[in-house]
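Q: I would like to learn how to read a structure like this one feature at a time, with the general idea given before the particular case. Could we begin with contacts between charged side chains?

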Amino acid sequence: MNITIVNSEAEFDHLAAQRILAGMQSSRPAVIGLSTGRTTANMHRLAVELYLRHPFDISGVSIVGLDEVTNVSRDYSGACYAMLKSQFVDALGLGDRFFMPPTMSDDFDIACMDYEAAIEALGGIDLQILGLGKNGHIGFNQPGTPFESRVWHSRMDDELEARIRLETGASADRPLGGLTLGIRNIMHSRKILLVAKGAEKAEAVRMMLHGPVTPSMPASVLQLHPFCEFLFDVEAAKFIL
Ligand code: GLP
């Protein structure tokens, strides 16, 4: 397995930012899948900073989102759309080639099929960045999600749902969800970079890499991907050292 462990948060963000930029420079018009959350926010900003210092041709680059919170406004600061737009897409002028699942829809099944078709029309994902949930989720694929899952409308995890309700005042009669690439779509990415930092992820990291490959630990499926790199800080890696 391709595992990189770094000592500091600065090194972590720097290395991840370099991987994103390297992915954007791949020879074909690159399709980069980005993921939101606390782990990836700084690396997105740093990638922008490094790019602006040493620009290169990004005219063919497309950005696709891994997942999206549903039944909130796209402009809510916790929506993945809003986060990727402000952390990355706007600063690089990539707005025309930024693809996200919708936050609102009358028919999420159709929205899922449309999103999968849009990614296929781009030629698939060259580099997918993934964060890691404490329970091993990737995207909004919670424990129990079948490995054959394709873009789908998942349930929200309780912790995140409570936070979003508090922040948006979303009414309880509208169930929040997560529209996410399925495990199968994620595994179809040509390359993957999974990033995890902090002690709270250490147990998930151990189970992901050294536990059985099982849907009850969704990220364990990455053991089977031929080109997946794992990037950890020492805290997240403490049980595998
Ligand atoms: C949410 C997102 C995931 C992300 C995860 C990690 O659940 N749906 O795509 O990987 O958060 O978030 P954090 O980096 O904040 O721990």
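A: Let us begin inside a helix. Arg163 forms a salt bridge with Glu167, and the closest N and O atoms are 3.4 Å apart. Bear in mind throughout that this is a predicted model.

Q: How many residues apart are Arg163 and Glu167 in helix α5, and what does that spacing say about the helical turn?

A: Arg163 and Glu167 are four residues apart in helix α5 (residues 158–168), so about one helical turn separates them. As for their surroundings, Arg163 counts as partly exposed because its relative accessibility is 40%, and Glu167, with a relative accessible area of 45%, is partly exposed as well.

Q: Which side chain meets Glu203 in a salt bridge?

A: The partner of Glu203 is Arg206, with a distance of 2.7 Å from N to O. These two residues are three apart in helix α7, so they are separated by about one helical turn. Glu203 is partly exposed at a relative accessible area of 37%, and Arg206 is partly exposed at 31%.

Q: Which parts of the chain does the salt bridge between Asp126 and Arg190 tie together?

A: The side chains of Asp126 and Arg190 meet at 3.0 Å, N to O. Asp126 lies in the loop between α4 (108–121) and β6, whereas Arg190 lies in the loop between α6 (183–187) and β9, so this pair ties together parts that are 64 residues apart in sequence. Asp126 counts as buried because its relative accessibility is 9%, while Arg190, at 40%, counts as partly exposed. The two residues also belong to a network of salt bridges in which Arg28 is linked with them, and the structure holds eleven salt bridges.

Q: Those loops lead into strands, so how should I read the sheet, and in what order do its strands lie?

A: The general idea is that strands of a sheet pair through backbone hydrogen bonds, either parallel or antiparallel. In this structure seven strands form an open sheet with parallel pairing, and their order is β1-β10-β9-β6-β2-β3-β5. The edges are β1 (2–6) and β5 (98–99), each of which pairs on one side only.

Q: Over how many bridges does β2 pair with β6, and over how many with β3?

A: Strand β2 (residues 31–34) pairs with β6 (residues 127–130) in the parallel sense over two bridges, and with β3, also in the parallel sense, over four bridges. Ile32 gives a convenient point of reference, since its bridge partner in β6 is Leu127 and it stands opposite Ile63 in β3.

Q: Which way do the residues of strand β3 point, and are they buried or exposed?

A: In strand β3 (residues 62–65), Ser62 and Val64 point one way and Ile63 and Gly65 point the other way, and all of them are buried. Ser62 can also be placed relative to Asp96, for their C-alpha atoms are separated by 8.5 Å although the two residues are 34 apart along the chain. Asp96 sits in the loop between α3 and β5 and is exposed, with a relative accessible area of 73%.

Q: Which strands does helix α7 lie across?

A: Helix α7 (residues 202–210) lies across β1, β9 (191–196) and β10 (228–233), and it runs at about 155 degrees to β10.

Q: What does Leu21 touch beyond its neighbours up to four places away in sequence?

A: Leu21, which lies in helix α1 (residues 9–24), touches Ala47, Leu50, Tyr51 and Phe56. From Leu21 to Phe56 the distance is 9.5 Å, C-alpha to C-alpha, across a separation of 35 residues in sequence. Leu21 counts as buried because its relative accessibility is 9%.

Q: Which residues form a nonpolar patch on the surface?

A: The patch consists of Met1, Ile3, Ile5 and Leu241, which together have about 410 Å² of accessible area. Leu241 lies in the segment after β10 and counts as exposed because its relative accessibility is 69%.

Q: Which backbone angle of Asn71 deserves attention?

A: Asn71 has a positive phi of about 70 degrees although it is not a glycine. Asn71 lies in the loop between β4 (67–70) and α3 (80–92), and with a relative accessible area of 14% it is buried.

Note on methods. Residues are numbered from 1 along each chain as its sequence is written. This is a predicted model: local features need pLDDT of at least 70, side-chain atom pairs count only at pLDDT 80 or more; totals for chains, interfaces and linings use all residues. Side-chain values use heavy atoms; hydrogens and water are left out. Two strands pair if DSSP finds at least two bridges between them. Contact means heavy atoms within 4.5 Å. Axes are lines fitted to C-alpha atoms, for helices over the stretch in contact, and angles run from 0 to 180 degrees between N-to-C directions. Patches are made of residues with over 30% relative accessible area and no salt bridge: like charges are joined within 9 Å, nonpolar side chains (Val, Leu, Ile, Met, Phe, Trp, Tyr) within 5 Å. Accessible areas come from the Shrake-Rupley method with a 1.4 Å probe; for residues, only the protein chains shown count as cover. A salt bridge is a side-chain nitrogen of Lys or Arg within 4 Å of a carboxyl oxygen of Asp or Glu. Buried means under 20% relative accessible area, exposed over 50%, partly exposed in between (1.4 Å probe, protein chains only).
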